[in-house]
Structures are given as structure tokens and as C-alpha cells.
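Q: Please take a close look at one part of this model, the salt bridges and the sheet around them. I would like a connected account that I can follow beside the structure.

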Amino acid sequence: MYITFERKVWRSFSHAVSICRDGEISFNKSVTQMFLRKGYEWALFLFDPKEMRLAVRPLTHPDRRAYRITYHKNARQSWVCSKSFLKSLGWDGCRYQLNAFWNSRRLLVEFDLPVWEARSKAKVVVMKARQAG
């Protein structure tokens, strides 16, 4: 009798965001390639406490409140160092993988805020995003 191996790595071919244990918000290939096409180099972090939603507004120019977007040399991943922002929201230091969507009207990558809990550092939490409304 065979047992099916369950993948340990979560992959999304649509827009996705990971909150990494080192405090970075990383973007998958889909988001990264969109950022590169549009020439985005900076990002503002936004928080909607009513909807419990996070957003990243990419920018082509520096802003005193913005963080630099770093691109991997293979152009398949990008990230922003966001530890202080995440800690200000009560982040628990765990890794989260989140579906996200591009709000073309507001020029935002949006995703729902995970429920921060005292979880094991080894656990990865996968959440699905709400549809744009």
C-alpha cells in the first residue's frame, strides 16, 4: 500500500505573500514580476484595523515612510524588511503564507491579517485571502 507524500512547500501561482520568521514580507514570482515590469523600487505598509487587512503600496520613487524592495537576482522573488512594522501589529514571530490580490484601482497588494498566536516557531500557517469587494 502506498502513502501519498504531502508537499512541505506551499506554492501559489497567483499573487501570494509570505511573512517570514526574520521579519520580512516576501512576494512570490507573480507579484515580483509585476513589480519589475512597473519599475517599483519602494513600498509603503498600510494597515486597515476595521477590515483587519494589510496592504503594500509599491512606489517608483522614494518616500520618507517607504521601505526599499529587494529583488532576488533570478527575478522570481522580492521582499521588504518589515520587522518593526509587523511587531507594531503584534506579530508573533511565526511564518505565514498568504494569498493576496492586486487592487488595480488603489495600486495595492492586499492580504488579510493573520491571527497572531503563540505558535511553535516551526509551524507554517497558510491562509486564503478574501476576494476583492
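A: What follows goes from the chain as a whole to the sheet, then to the salt bridges, and ends with two loop residues.

This is a predicted model, in which local features need pLDDT of at least 70 and side-chain atom pairs count only at pLDDT 80 or more, while totals for chains, interfaces and linings use all residues. Residues are numbered from 1 along each chain as its sequence is written, and side-chain values use heavy atoms, with hydrogens and water left out.

The chain holds 2 helices and 11 strands, where helices (H or I, at least four residues) and strands (E, at least two) are DSSP runs numbered from the N terminus. Read from the N terminus, the order of elements is β-β-α-β-β-β-β-β-α-β-β-β-β. Of the 133 residues, 44% are buried; here buried means under 20% relative accessible area, exposed means over 50%, and partly exposed lies in between, with a 1.4 Å probe and protein chains only. Among contacts with a separation of 6 or more, 62% come from residues 24 or more positions apart, a contact being heavy atoms within 4.5 Å.

The sheet to look at is an open one of 5 strands, in the order S5-S3-S4-S10-S9 and with antiparallel pairing; two strands pair if DSSP finds at least two bridges between them. Its edge strands are S5 and S9 (101-103), each of which pairs on one side only. Within this sheet, S3 and S4 run antiparallel and are joined by 7 bridges, and Phe-47 stands opposite Leu-54 in S4. As background, strands of a sheet pair through backbone hydrogen bonds, either parallel or antiparallel.

Turning to the charged side chains, the count is 4 salt bridges, each defined as a side-chain nitrogen of Lys or Arg within 4 Å of a carboxyl oxygen of Asp or Glu. In one of them, Glu-110 and Arg-53 have their closest N and O atoms 3.8 Å apart. This pair links distant parts of the chain, with Glu-110 in strand S10 (residues 108-112) and Arg-53 in strand S4 (residues 53-59), 57 residues apart. Glu-110 counts as buried because its relative accessibility is 6%, and Arg-53 is likewise buried, at 14%. Arg-53 and Glu-110 also belong, together with Asp-112, to a network of salt bridges.

Another salt bridge joins the side chains of Arg-68 and Glu-41, at 3.0 Å from N to O. Here too distant parts of the chain are linked, since Arg-68 is in strand S5 (residues 67-68) and Glu-41 is in the loop between helix H1 (29-38) and strand S3 (42-48), 27 residues apart. Arg-68 is partly exposed because its relative accessible area is 43%, and Glu-41 is partly exposed at 38%. A further salt bridge is formed by Arg-65 and Asp-63, whose closest N and O atoms are 3.0 Å apart; Asp-63 is partly exposed, with a relative accessible area of 23%.

Two loop residues complete the account. Most residues other than glycine have a negative phi. Met-52, although not a glycine, has a positive phi of about 55°; Met-52 is placed in the loop between S3 and S4 and is partly exposed at 40% relative accessible area. Ala-75, also not a glycine, has a positive phi of about 60°. Ala-75 is found in the loop between strand S6 (70-71) and strand S7 (78-81), and at 25% relative accessibility Ala-75 counts as partly exposed.
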